[in-house]
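Work through the exercises below with the structure in view. Each task is followed by a solution in steps.

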Amino acid sequence: MSAYRKYRIVKKIRETDHIASFYLQPVDGLPLADFRPGQHLLFKLDIPGRDLPVLRNYSFSSAYNSSFYRVSVKKEAPPRTAPQLAPGIASSYLYDHVKEGDILEAKGPLGNFCVGEENNEIPVFIAGGIGITPLLSMAEAVLKTDPRRRIHFLYGVNNRREHAFGEELRTLRQLSATSRFLTFYALPEESDQQGHHYDRAGFISIDAIGDDLLHVDTRFYLCGPAPMMAFITEALQQRGVENSRILTENFTAASVEETDEEPVATGSSAFTVEFRRSGKTLSWDDRFPSLLEFAEYNDIDISSGCLFGDCGTCLTKLQGEVQYKHPTMVKPGKGECLPCSCVPASDISLDA
Ligand SMILES: Cc1cc2nc3c(=O)[nH]c(=O)nc-3n(C[C@H](O)[C@H](O)[C@H](O)COP(=O)(O)OP(=O)(O)OC[C@H]3O[C@@H](n4cnc5c(N)ncnc54)[C@H](O)[C@@H]3O)c2cc1C
Ligand code: FES
């Protein structure tokens with residue numbers, strides 16, 4: 001679906017000190033589009049004090065129902081190494097300021113990080129922190145459709161203060177006698193009780209999966225901090241799990257975290273950008289962080305996923321030169337670019 005739609009926040013709930021859930025209903029009163037569990041919405045946020053809208057993805061955090069969409073947002077703190085920096089722009093705005101009755105614009109459902117529908121599949125959901133959102137949607141969809149299906153749900157957080165959706169996971173656990181739910185606290189506090197608030201201390205351990213680990217029908221769905229996903233992927237590979245059975249979703253740019261390359265300077269405002277299929281030629285505006293945001297602002301649709309160059313969804317045919325603002329995991333070929341991560345370095349023409 002390519003058009004933005006307006007949604008009213010009909011309910012806002014604080015899940016933890018840093019996570020809030022938003023329940024959305026369409027302002028136009030028409031039915032909600034169905035989505036596949038694991039998908040997300042692309043929000044275009046008009047944040048007071050900013051002259052341009054901010055684009056951010058937020059995953060559905062519950063299975064589809066025809067009454068509302070739910071997304072859950074963690075207010076991003078500054079990096080531990082630079083506490084003087086501002087917290088995340090969009091997540092702070094949503095967590096601190098957006099309230100019931102407010103209206104947000106979003107596009108979607110989008111994304112291919114979705115659970116398999118085959119009944120014989122044994123899904124293993126491995127969630128770190130706010131990475132739980134798409135996996136909770138998947139687990140709820142799987143078990144509510146067929147409570148006889150076996151799933152594993154491994155969820156890691158630091159401690160009870162960061163532990164969201166505990167009640168929902170308990171309800172899901174009760175639906176399925178054959179499924180396994182385990183919560184890991186990396187840094188339990190004195191008042192956190194093992195066996196009551198959490199199951200195991202330490203980081204998530206895939207050995208908890210037991211015999212299903214190497215079962216041919218087991219598939220692994222990972223979403224969480226980049227180091228956690230790298231660690232678990234490696235552990236799975238070492239135990240002989242093929243890459244085709246490991247599906248991941250990055251909420252942040254793993255490629256940027258893994259590189260020492262310097263970001264490249266932005267382009268000049270003198271360049272023109274032709275969007276061939278849309279029949280528009282526009283002057284580039286330096287205020288935009290990327291060609292994709294420039295296109296979105298001008299109502300030109302370019303499919304997107306991660307927004308940081310890791311998924312390849314926005315890959316677009318290009319004539320002319322672009323400059324990348326940061327290293328990307330996907331390396332575009334000659335005559336192609338990733339509009340989410342680059343700006344013009346000459347007059348350009350895009351197949352969009
Ligand atoms: C497919 C997908 C689904 C997602 N689903 C969810 C979801 O369900 N829930 C959720 O909460 N998030 C989700 N995300 C992440 C979300 O889209 C945003 O990236 C996240 O909310 C952070 O955005 P922000 O604007 O708040 O932070 P930004 O403003 O983008 O900042 C990010 C971080 O950078 C730090 N920072 C600020 N300035 C600097 C600087 N100068 N140098 C270095 N660091 C700096 C900030 O303090 C912050 O820690 C998803 C992402 C993707 C790709
Ligand atoms: S949106 Fe993912 S690479 Fe551009």
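A salt bridge is a side-chain nitrogen of Lys or Arg within 4 Å of a carboxyl oxygen of Asp or Glu. The model used here is predicted.

**Exercise 1.** Decide whether Lys107 and Asp301 form a salt bridge, and place the two residues in their domains.

Step 1. The domain assignment gives domain 1 (4-110), domain 2 (122-252) and domain 3 (272-350). By these bounds, Lys107 belongs to domain 1 and Asp301 to domain 3.

Step 2. The closest N and O atoms of Lys107 and Asp301 are 2.5 Å apart. The cut-off is 4 Å, so the pair qualifies as a salt bridge.

Step 3. Across the interface of domain 1 and domain 3, three salt bridges are found. Five residue pairs are in polar contact across this interface.

**Exercise 2.** Describe the side of domain 1 that touches domain 3: which elements give two or more residues to it, and what classes of residue does it have?

Step 1. The elements giving two or more residues are β3 (40-45), β4 (54-59) and β6 (103-110).

Step 2. Sorted by class, this side has six nonpolar, two polar and four charged residues.

**Exercise 3.** State how much area is buried between domain 1 and domain 3, and which three residues supply the most on the domain 1 side.

Step 1. In the interface, 12 residues of domain 1 are in contact with 11 residues of domain 3.

Step 2. The buried area is about 930 Å², and carbon and sulfur atoms give 52% of it.

Step 3. Of the area that domain 1 buries against domain 3, Leu52, Leu55 and Lys107 supply 48%, more than any other three residues.

Technical notes
Residues numbered from 1 in each chain as written. Chains lettered and ligands numbered in written order. Predicted model: local features only at pLDDT ≥ 70, side-chain atom pairs only at ≥ 80, totals over all residues. Heavy atoms only, no water. Domains from an automatic or database assignment. Contact = heavy atoms within 4.5 Å. Buried area = accessible area lost by both parts, 1.4 Å probe. Polar contact = N/O pair within 3.5 Å; in protein donor to acceptor, adjacent residues only side chain to side chain. Helix = DSSP H or I, 4+ residues; strand = E, 2+ residues; numbered from the N terminus. Nonpolar A, V, L, I, M, F, W, Y, C, P; charged D, E, K, R; others polar.
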